[in-house]
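Hi everyone, thanks for coming. I'd like to walk you through a structure that's probably new to most of you, so have a look at it first.

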Amino acid sequence: MINLLTNVVDEVATATEVPAEVTSAVAEAAAASAGALFTANNIWMMLATALVFIMHLGFAGVEAGFGQSKNTVNILFKNTITPILGLVTYMICGFNLMYPGEFGIIDGVLGFAGFGLDAGDGASIDYAGGGYTYWTDFLFQGMFAATAATIVSGAIAERVKISTYMLFTLLYVGIVYPILGSWKWGAGFLDNAGFYDFAGSTLVHSVGGWGALAGIMVIGPRLGKYVDGKVIDKPGTSVPLAVIGVFLLWLGWFGFNGGSVLSADPDVVSFVLVTTSMAACTGGLFGFLTAYVVFKRLDLGMVLNGILAGLVGITAGADVISVNNSLIVGAVAGIVVVLSAITLDKFKLDDVVGAVSVHLTCGIWGTLAVGIFSTNPDHTFMTQLYGVAMYALGAFPIAFTIFFILKKTVGVRVSEQHETEGLDTHEHGIRGYTIVYDD
């Protein structure tokens, strides 16, 4: 950006008789303007990174709220360790797998720029077109990577071994997610094919959702969840905590989608935040209406998951889908998330928080919606469908294989006694909720 402005100044000075001191003043003004824009962009990106970080607290609230009280510490432990493991593994190798620069191993599919971080001129205004620094770029993308693993955590809660979950997270966040992400965001073969995913309906949410689906298939349902063809409800610990978690996630989504603009452009960022919020609203509304028709009750859980469904659905096209059409995207997501949850139960696939329905099912819908509603004529339904299929073929078999190998080696489930009595006491030695009376 600054180089462009300097070139313009030089051309003007060459074409006309302009005093040297005037040319110098114009060049200094151009440099100051570029520097101010660079600072503004970087500040917004850092703020967006902080908002995405807050989403981990939201996931923790939702999972702990919907989970049983006897497993609260276990759930919170997983949600605390996830960003820790995610960021470390993403720093060691994930970032350079996702953004290899050149695909030197398999063209368009696999490349690697080396271990660790090397800023080079990362603090320079020349990095990322004057948008933000290398360090901001890493941290923003690292938060996205850790989110993919958190999605899996909620689905397989209350019966998975902590050690198994941590091993899966190391592999999935450190290796699998970055390679899959490079296919689009790292200028890989799907990017060249014209596939579009603005902020990750597929790259983050569906990839996490495929991992969640593989996990619940390999691990199996919780004890007593399906009895004699009936679905047995297991009441959550805290509805207020779940509600707080959802609103924290909605707040974090302003950074998730708004930060994906990759600049502080006020027009684009504000537009993205509007489409994001409108889809969340209709997602919650139609989640409520669909659940009322099906269950004949005012189901708060489906309202909450409807909000998240709308957010996931709009994420792929938040910058290219009109505000009016964002209402449709959210509405369909709100309907689909309820029907998906019912379908999973029919197949005895036990998902504690509805992660597969929210992130996988609605991630697929949102990605396909780009091919239907995008204002960019280059975005086609068939290209979007091709991208969805490629990620399904990439994410699900790998996730299933990882879980299957872990099952055959270290095991994936806690003992029946531990599951029945609660993971908090047996796995962690403390309970999440205690009442102590003084003598």
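I'll talk about one helix, then two pockets, and then one residue further along the chain. Keep in mind that this is a predicted model.

Let's begin with helix α8, which covers residues 239-258. How far apart are its end C-alpha atoms, and does that agree or disagree with the expected span? Well, α8 has 20 residues, and at 1.5 Å a residue they should span 28 Å. The end C-alpha atoms are 29 Å apart, so the two agree.

Now, α8 does have a bend, of about 30 degrees, at G252. G252 is also one of the buried residues of this helix. Others that are buried include A242, G245, V246, L249, W250 and W253. If you're wondering about the spacing, residues three or four places apart in an α-helix point the same way, because there are 3.6 residues a turn. And at the start of α8, S238 has a side-chain oxygen within 3.1 Å of the backbone nitrogen of L241.

Okay, on to the pockets. The largest pocket holds about 920 Å³ of space. It is lined by 32 residues, and those closest to its centre are K225, D233, R297, M302 and V352. Which elements give two or more residues to that lining? They are α2 (20-66), our α8, α10 (300-315) and α11 (323-346). Of these, α11 gives the most, with six residues. As for the classes, the lining has 15 nonpolar residues, 10 charged and seven polar.

Then there's the second largest pocket, with a volume of about 290 Å³. Here 16 residues form the lining, and Y99, Q141, W185, S260 and L262 are the closest to the centre. Helix α4, residues 134-155, gives the most to this lining, with four residues. By class, you get 10 nonpolar, four charged and two polar residues.

Last stop: T425, which sits in helix α15, residues 423-428. Is T425 buried or exposed? Somewhere in between: with a relative accessible area of 45%, T425 counts as partly exposed, because buried means under 20% and exposed means over 50%. And look for N74 on your screen too. N74 and T425 are 351 residues apart along the chain, yet 9.2 Å separates their C-alpha atoms.

That's my tour, thanks for listening.

Methods: Residues are numbered from 1 along each chain as its sequence is written. This is a predicted model: local features need pLDDT of at least 70, side-chain atom pairs count only at pLDDT 80 or more; totals for chains, interfaces and linings use all residues. Side-chain values use heavy atoms; hydrogens and water are left out. The expected span of a helix is 1.5 Å times one less than its number of residues. The bend at a residue is the angle between axes fitted to the seven residues ending there and the seven starting there. Buried means under 20% relative accessible area, exposed over 50%, partly exposed in between (1.4 Å probe, protein chains only). A polar contact is a pair of N or O atoms within 3.5 Å; within protein, one must be able to donate a hydrogen and the other to accept it, and residues adjacent in sequence count only if both atoms are side-chain atoms. On a 1 Å grid over the protein atoms alone, a cavity is a set of points where a 1.4 Å probe fits but cannot get out, and a pocket is an open set with protein on both sides within 12 Å along at least five of seven lines; lining residues have an atom within 4 Å of a point. Grid points are joined across faces, edges and corners, and a volume is the space filled by probe spheres set on the points. Ala, Val, Leu, Ile, Met, Phe, Trp, Tyr, Cys and Pro count as nonpolar, Asp, Glu, Lys and Arg as charged, and the others, Gly among them, as polar.
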